[in-house]
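Reader: Please show me the structure, and then let me ask for the reasoning behind the terms used to describe it.

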Amino acid sequence: METIQAIILGIVQGLTEFLPVSSSGHLQLAKELLGVDPEVGGLTFDLTLHAATVLSTIVVLWSEIKRLVVGLFSKRFNAEQAYVLKIILSMIPVVIVGFTLEPFLQSLVEDLPNHGILLLVGAMLLVTAILLTFAYYAKPRHKETISYRDALIIGLARACAATLPGLSRSGTTIATGLILGNRKESVAQFSFLMVLAPILGKMVLDLMSGELAAQSIGTAPLLAGFAAAFVVGCLACKFMINIVKRGKLNWFAIYCTLVGGLAIIRYFVIQ
């Protein structure tokens, strides 16, 4: 992988990690368009890009994270501790699916026929568009806080999205939260915070797997991809929170429909 390719892929990852358009799906499409062998860099490169977007989330939401950490050590049960409990509750479905279904589904994705990833990503982007459309037209109820029940349901949605490229994780969680009647700002913030622990946990497991060394692609592409994903990720995170507040998810639904349709058309054209 060349450095310029790594930068482009980093930009794609940083931009789409927070926008409701599926970072994994766009990363696969970008590799396909750039002619990058998915096996080149493999786990090492993807792990590096995820680390960059995790860091960008921490930077953008640092004041909120700091408030939660400080409140967590209070001797009396408070709003911060309740919020952390809701995040933990939302993580349970993600952990269960990650240990049970993800390896199986990942093997299915890897065994897809030539260019089959285009068809899968295209179909899942269309599903993402449907979810965002439902969220856009959902009747707002503006709950003051996310309930424990809603946190679990949002976690279930996140678990489903985590297994299939093209099904946006942020889009699915935000859409689910809005459909359940939660405030836009609360849903956006909860969506970004709830993914930190699962992504960090997966990174640790991948590091422990011992598969990284064999997939090394060189220091320059890794650093370039990391830097691009981090900078763009910081901008995209701030942008997405403002977009959700304004309720402009319909534009992302249109975008997912167009890109998903083009991916499906391209699959059948090159067969």
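Author: What follows is a set of questions about this predicted model, each answered from values computed on its atoms.

Reader: What makes up the secondary structure of the protein?

Author: The protein has 13 helices and 0 strands. Read from the N terminus, the order of elements is α-α-α-α-α-α-α-α-α-α-α-α-α. Of its 271 residues, 50% are buried.

Reader: What share of the contacts with a separation of 6 or more comes from residues 24 or more positions apart?

Author: The share is 82%.

Reader: Why is Phe-252 called buried or exposed?

Author: The relative accessibility of Phe-252 is 11%. Buried means under 20%, so Phe-252 counts as buried. Phe-252 belongs to helix α13, residues 249-269.

Reader: Which residues does Phe-252 touch, leaving out those up to four places away in sequence?

Author: Phe-252 touches Leu-19, Pro-20, Val-21, Leu-132, Phe-239, Met-240 and Ile-243. Its C-alpha atom is also 8.9 Å from that of Thr-133, a residue 119 places apart from Phe-252 along the chain.

Reader: Which residues of the largest nonpolar core touch the most other members?

Author: They are Phe-190, Leu-193, Met-240, Leu-249 and Phe-252, in a core of 54 residues. Helix α7 (residues 116-137) gives the largest share of this core, with 9 residues. A second, separate core has 11 residues, among them Ala-6, Leu-9, Ala-30 and Ala-229. As a general matter, nonpolar side chains tend to be buried together in soluble globular proteins.

Reader: What does Leu-249 touch, not counting residues up to four places away in sequence?

Author: The contacts of Leu-249 are Pro-20, Leu-132, Ala-135, Tyr-136, Ile-174, Leu-178, Met-240 and Val-244.

Reader: How do you know whether Asn-242 is buried, exposed or partly exposed?

Author: Asn-242 has a relative accessibility of 35%. The partly exposed class lies between the buried cut-off of 20% and the exposed cut-off of 50%, so Asn-242 counts as partly exposed. Asn-242 is in helix α12, residues 219-246. The C-alpha atoms of Asn-242 and Ala-188 are 9.0 Å apart, with their positions 54 residues apart along the chain taken as separation.

Reader: And why is Val-69 placed in its class?

Author: Val-69, in helix α4, has a relative accessible area of 42%. That value is not under 20% and not over 50%, so Val-69 is partly exposed. Its C-alpha atom is separated by 8.7 Å from that of Gln-81, 12 residues apart along the chain.

Reader: Which residues of α4 are buried, and what puts them on the same side?

Author: In α4, residues 62-72, the buried ones are Glu-64, Ile-65, Leu-68 and Gly-71. They cover an arc of only 135° around the axis, which puts them on the same side of α4. An α-helix has 3.6 residues a turn, so residues three or four places apart point the same way. The face turned away from the buried side carries Ser-63 and Val-70, which are exposed.

Reader: Why is a charged residue such as Arg-169 given its class?

Author: The class follows from accessibility: Arg-169 has 17%, and because buried means under 20%, Arg-169 counts as buried. Arg-169 is in helix α9. Not counting residues up to four places away in sequence, Arg-169 touches Glu-17, Ser-23, Ser-24, His-50, Arg-158, Ala-161 and Ala-162.

Reader: What makes Asp-150 buried or exposed?

Author: Its relative accessible area is 0%, which is under the 20% limit, so Asp-150 is buried. Asp-150 lies in helix α8, residues 148-162. Asp-150 touches Lys-143, Leu-180 and Asn-182, with residues up to four places away in sequence left out.

Reader: How do helices α9 and α10 cross?

Author: The axes of α9 (residues 169-179) and α10 (residues 184-194) come within 9 Å and cross at roughly 145°. The crossing is right-handed. On α9 the contact is made by Ser-170, Thr-173, Ile-174, Gly-177 and Leu-178, and on α10 by Lys-184, Val-187, Ala-188, Ser-191, Phe-192 and Met-194. By class, this contact has 6 nonpolar, 4 polar and 1 charged residues.

Key
Residues are numbered from 1 along each chain as its sequence is written. This is a predicted model: local features need pLDDT of at least 70, side-chain atom pairs count only at pLDDT 80 or more; totals for chains, interfaces and linings use all residues. Side-chain values use heavy atoms; hydrogens and water are left out. Buried means under 20% relative accessible area, exposed over 50%, partly exposed in between (1.4 Å probe, protein chains only). Helices (H or I, at least four residues) and strands (E, at least two) are DSSP runs, numbered from the N terminus. The arc is that of the directions from the helix axis to the C-beta atoms. Axes are lines fitted to C-alpha atoms, for helices over the stretch in contact, and angles run from 0 to 180 degrees between N-to-C directions. A crossing is left-handed if the near helix is turned anticlockwise from the far one by less than a right angle, and right-handed if clockwise. Contact means heavy atoms within 4.5 Å. Ala, Val, Leu, Ile, Met, Phe, Trp, Tyr, Cys and Pro count as nonpolar, Asp, Glu, Lys and Arg as charged, and the others, Gly among them, as polar. A nonpolar core is a set of buried Ala, Val, Leu, Ile, Met, Phe, Trp, Tyr and Cys residues joined through side-chain atoms within 4.5 Å.
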